[in-house]
Amino acid sequence: MRIEVNGNHYEVGEGKLLDILLDLGFDVPHLCYHKAIGSYGACRLCLVEIEENGWKIVTSCSTDVKDGMKIRTSSKRIWELRKGVVELLANYTSSEVIKKLASSYGIEVKGDKKCVLCGLCVNVCNLIGISAISFENRGVGRRVNAPFGIPTEFCVGCLACTNVCPTGAIRFENGKLMVGDRVLSEHRFLRCERCGKEVLSEKHYEKLSVEGVLCESCKKYVQAKKRINSRL
Amino acid sequence: MLEKLKEKGIDELYCDRIAVGTSTCGIAAGALEVLESINSTNAVEVGCLGFCAAEPLVYMQENGKAAIVYRNVKKIEEAEILGWFYPWEFSPLKLEHPDLKGYKDYPKLTEHPFYRKQVKIVLRNCGIIEPLDINQYVAMGGYYALQKVLEMEPEDVIEEVKKSGLRGRGGAGFPTGLKWEIARKNEGEKYVICNADEGDPGAYMDRSVLEGDPFSVIEGMTIGAYAVGANLGFVYIRYEYPLAVKRIEGAIEIAKKYGFLGENIMGTDFSFDIHIVRGAGAFVCGEETALIASIEGYIGEPRIRPPYPAEKGLWGKPTVINNVETWANISPIILNGWKFFASLGTEKSKGTKVFSLVGKVRNSGLIEVPMGISLREIVEEIGMAENVKAVQTGGPTGGCVPKNLMDVAVDYEELTKLGSIMGSGGMVVMDESTCMVDVAKYFLEFSKIESCGKCVPCRLGLAEMVDVIERITRGEGSLSDLEELEKLADIVANTSLCGLGKTAPNPLLTTLRYFREEYEEHIKGRCPAGVCRTLVKYRIIEDKCTGCGLCKLNCPAEAIEEVDEVYRIDDKNCIKCGSCFNVCKFEAVERW
């Protein structure tokens with residue numbers, strides 16, 4: 001199908017608008033979107049304008065591309081709104097990616113925390129069927145944590161969360177998975193029999209060998225059942 | 001079967017009885033004590049007639065005569081008479097009833113300013129029937145709509161609702177029939193949900209309906225389920241409404257017993273069941289996608305729309321989610337036909353709307369009025385308010401309409417034009433003693449606390465707005481802060497994920513638009529209404545002070561000292577509560 005971006009025409013396939021714009025080489029900032037995880041809609045940075053009875057502001061991560069779609073990625077209005085969101089983030093957080101974003105909008109970074117609450121770590125953990133970590137509290141108090149703030153047994157140490165984190169807020173250090181100063185879980189890593197390099201966590205190894213072949217939803221079922229049994 | 005229940009119901013409704021309004025509001029005003037003091041087997045408990053300012057409300061029917069309503073009852077023998085009415089006359093339905101004699105010596109209830117302009121559809125049975133008595137519900141026309149619907153094609157039911165012009169009463173005003181149609185056209189298993197997570201401060205229409213007339217909601221949901229092809233429904237109700245939970249649970253049981261719910265409803269092959277889910281009290285769970293997430297057992301936070309719940313809702317299935325008030329509208333529409341409903345209201349907003357009229361009004365309470373009535377009529381004629389400064393409509397994320405614009409017709413579009421919203425129908429009246437900056441601060445704080453925190457602008461933007469507006473109320477603001485607030489409001493309103501963030505800046509934007517001079521006064525260091533504590537000072541005028549000492553007696557902070565019968569306020573200890581100002585009978589305490 002054909003779309004028009006900033007006045008130029010392109011031939012594109014189906015998919016989420018953000019993916020397509022990125023593939024075409026447009027600079028659309030985003031923090032909470034990951035191709036493998038899908039759209040979540042939390043960071044509100046990937047705003048673009050599309051024409052639908054006048055120009056309408058949408059998040060490109062959640063918009064399916066349509067034939068004949070007209071898109072503006074960097075109008076004055078979009079710039080203004082994005083700058084506003086970046087400014088909010090820069091007032092509360094600080095990380096490499098935020099510093100870079102802020103400098104491109106001429107904003108000073110005043111925050112200190114790293115986590116931007118994009119939700120990628122929580123979502124990836126859900127998606128692979130573990131659901132070991134989640135959010136707690138609401139509003140400004142929201143943060144990533146293990147259930148009841150106690151290092152969780154359910155984390156297998158796959159470290160998918162640290163891989164998708166855009167700011168490096170969630171990290172694995174000295175055998176501990178951490179966000180800020182909160183410990184989410186603790187792990188011992190097995191070493192490669194040949195070279196001695198750390199390969200995967202003990203639990204991850206057990207899980208891979210014990211739980212057998214289960215689809216995503218069945219994994220959740222088995223997990224849930226285990227959890228219920230462990231509480232009884 | 002209905003005829004039998006109806007006969008019994010008519011007997012029960014029009015026999016000698018003393019009805020005490022024992023909804024939560026009535027109980028709070030002391031209705032249970034009144035009920036206990038009535039030494040009669042004829043005493044029954046009913047829902048709420050809506051007139052909060054007159055609670056506890058009690059009415060008596062005796063010797064084949066109409067009902068006499070007593071207001072603010074402590075002892076029934078000493079209570080003041082509010083008026084008399086026929087129990088059937090509030091209902092829009094054509095009802096069978098015996099002839100009751102009226103009264104000549106007492107005023108008619110329907111002539112009372114509070115009731116004169118009301119047209120009751122949703123509240124038709126509230127305060128009239130015993131909430132859990134199915135006979136009485138049927139005698140008031142209940143379940144005849146369901147009987148009629150079960151003989152109709154589902155598509156025709158949807159058509160009827162569509163033509164009536166009914167729009168969602170939860171706030172956004174999406175056409176109900178259209179929502180049903182979208183869900184019907186989608187394939188697979190379907191669900192219906194009743195959104196009873198009423199969280200707006202000062203709004204309680206949903207509670208009143210659930211407590212006073214739970215069957216009307218259940219019947220509405222059953223009709224909706226038949227129309228869209230659902231077999232399972234959920235009532236998502238906040239746990240802070242224990243009586244409403246109890247009533248709806250009880251009503252579901254009874255409806256099942258009589259075959260109005262469950263397997264093979266009324267002898268047809270249509271089956272429908274309702275489950276109750278208790279909400280843990282998050283305001284954002286009133287947002288439909290957050291509510292669905294909460295039912296599914298996830299964190300109650302909204303997700304991106306589209307897909308809308310009518311396409312992909314609960315567990316990914318097409319789901320119709322409507323507010324309590326919307327569901328309660330369904331059976332009268334079916335029974336009286338769409339034309340009856342569409343004849344009320346304005347071009348785009350049909351029917352009636354229930355508002356909770358609270359704040360600085362003499363007649364506070366729940367009112368149901370036709371759409372298109374002016375805000376002035378509601379506030380000044382029904383509420384009998386004086387010296388109105390502004391009216392906040394639409395709950396915490398609505399806007400303040402100033403008195404000079406009160407002639408606005410109340411409908412979805414007109415209120416939006418003024419920067420406010422219809423919302424779920426909260427209506428807070430404010431007079432000159434209200435500080436508009438303080439009001440904006442209060443509502444922004446509410447939204448900040450109730451934001452789920454998922455998206456950046458709502459989580460951080462609202463927090464920053466609260467910081468700025470607090471600075472202004474402390475007298476530390478500058479004119480550039482107003483620009484800052486406007487900029488933040490623009491970002492939060494236009495980039496937030498869900499309706500909460502999109503509308504949360506409304507109280508600020510409307511007060512800035514209509515009361516900008518109050519903000520400017522605060523920046524200069526003065527709160528004109530004398531509300532913002534940091535900016536207020538109290539002083540005793542020596543010439544006026546008689547030395548009675550009442551101020552000193554009432555000062556909780558011991559900030560008033562007496563030297564030779566002259567009283568003085570010590571600014572260091574004064575907490576600016578205003579007690580001295582309020583108690584002084586000689587206007588000797590000055591506030592500025």
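# Notebook: two chains in a predicted model

**Entry 1. Where the chains meet.** I started with the contact between the two chains, which takes 22 residues from chain B and 22 residues from chain A. I keep in mind that this model is predicted. On the side of chain B that touches chain A, I looked up which helices take part: helix 17 (436–450), helix 18 and helix 19 (479–495) each supply at least two residues. Helix 18 of chain B gives the most to that side, with seven residues. I then sorted the side of chain B that touches chain A by class and noted twelve nonpolar, five polar and five charged residues.

**Entry 2. A pair of helices across the contact.** Next I picked out helix 2 (residues 76–92) of chain A and helix 18 (residues 456–473) of chain B. They pack at an angle of about 70°, and their axes are 10 Å apart. How are helix 2 of chain A and helix 18 of chain B placed relative to each other? They are roughly perpendicular, because angles from 65 to 115 degrees count that way. The crossing of these two helices is left-handed. From helix 2 of chain A, the contact is made by A:V85, A:L88, A:L89, A:N91 and A:Y92. From helix 18 of chain B, the partners are B:V456, B:P457, B:L460, B:G461 and B:E464. By class, this helix contact has seven nonpolar, two polar and one charged residues. I wrote a reminder for myself here: an α-helix has 3.6 residues a turn, so residues three or four places apart point the same way.

**Entry 3. Chain A as a whole.** I counted elements next: chain A has seven helices and twelve strands. Its C-alpha atoms fill a box of roughly 55 × 45 × 40 Å along the principal axes. Of the 232 residues in chain A, 35% are buried. I also checked contacts in chain A with a separation of 6 or more, and residues 24 or more positions apart account for 48% of them. The domain assignment splits chain A into domain 1 (2–74), domain 2 (82–112) and domain 3 (120–231). The C-alpha centres of domain 1 and domain 2 of chain A lie 22 Å apart.

**Entry 4. One arginine in chain A.** I went to A:R188, which is in the loop between strand 10 (182–186) and strand 11 (189–191) of chain A. Is A:R188 buried or exposed? It counts as exposed, because it has 10 C-beta neighbours inside 10 Å, and the cut-off for exposed is 12 or fewer. Leaving out residues up to four places away in sequence, A:R188 touches A:G175, A:S201 and A:E202. I also looked up A:K110, which is 78 residues from A:R188 in sequence and 37 Å from it in space, C-alpha to C-alpha.

**Entry 5. Domains of chain B.** Chain B is divided into domain 1 (11–111), domain 2 (142–341), domain 3 (352–431), domain 4 (436–524) and domain 5 (537–591). I chose domains 3 and 4 of chain B, whose C-alpha centres are separated by 22 Å. Twelve residues of domain 3 are in contact with 15 residues of domain 4. On the domain 3 side, strand 12 (388–393) and strand 13 (399–402) of chain B are the elements that give two or more residues. Strand 13 of chain B has the largest share there, three residues. By class, this side of domain 3 has six nonpolar, six polar and no charged residues.

**Entry 6. An enclosed helix.** Then I turned to helix 12 (residues 288–296) of chain B. Eight of its nine residues are buried, so the helix is largely enclosed by the rest of the structure. The buried ones are B:E288, B:T289, B:A290, B:L291, B:I292, B:A293, B:S294 and B:I295. What do they pack against? They pack against strand 6 (191–196), strand 7 (232–238), strand 8 (273–279) and strand 9 (319–323) of chain B. Just after helix 12 of chain B, I found B:G297 with a positive phi of about 100°.

**Entry 7. A loop isoleucine.** My last stop was B:I76, in the loop between strand 4 (67–71) and strand 5 (80–85) of chain B. B:I76 counts as partly exposed because it has 18 C-beta neighbours inside 10 Å. Not counting residues up to four places away in sequence, B:I76 touches B:I38, B:V58 and B:Y70. B:Y59 is 17 residues from B:I76 in sequence and 9.5 Å from it in space, C-alpha to C-alpha.

Key: Residues numbered from 1 in each chain as written. Chains lettered and ligands numbered in written order. Predicted model: local features only at pLDDT ≥ 70, side-chain atom pairs only at ≥ 80, totals over all residues. Axes fitted to C-alpha atoms, helices over the stretch in contact; angles between N-to-C directions. Helix = DSSP H or I, 4+ residues; strand = E, 2+ residues; numbered from the N terminus. Parallel < 35°, antiparallel > 145°, perpendicular 65-115°, else oblique. Left-handed = near helix turned anticlockwise from the far one by under 90°. Contact = placed C-beta atoms within 7 Å. Nonpolar A, V, L, I, M, F, W, Y, C, P; charged D, E, K, R; others polar. Domains from an automatic or database assignment. Buried ≥ 20, exposed ≤ 12 C-beta atoms within 10 Å, placed from the backbone.
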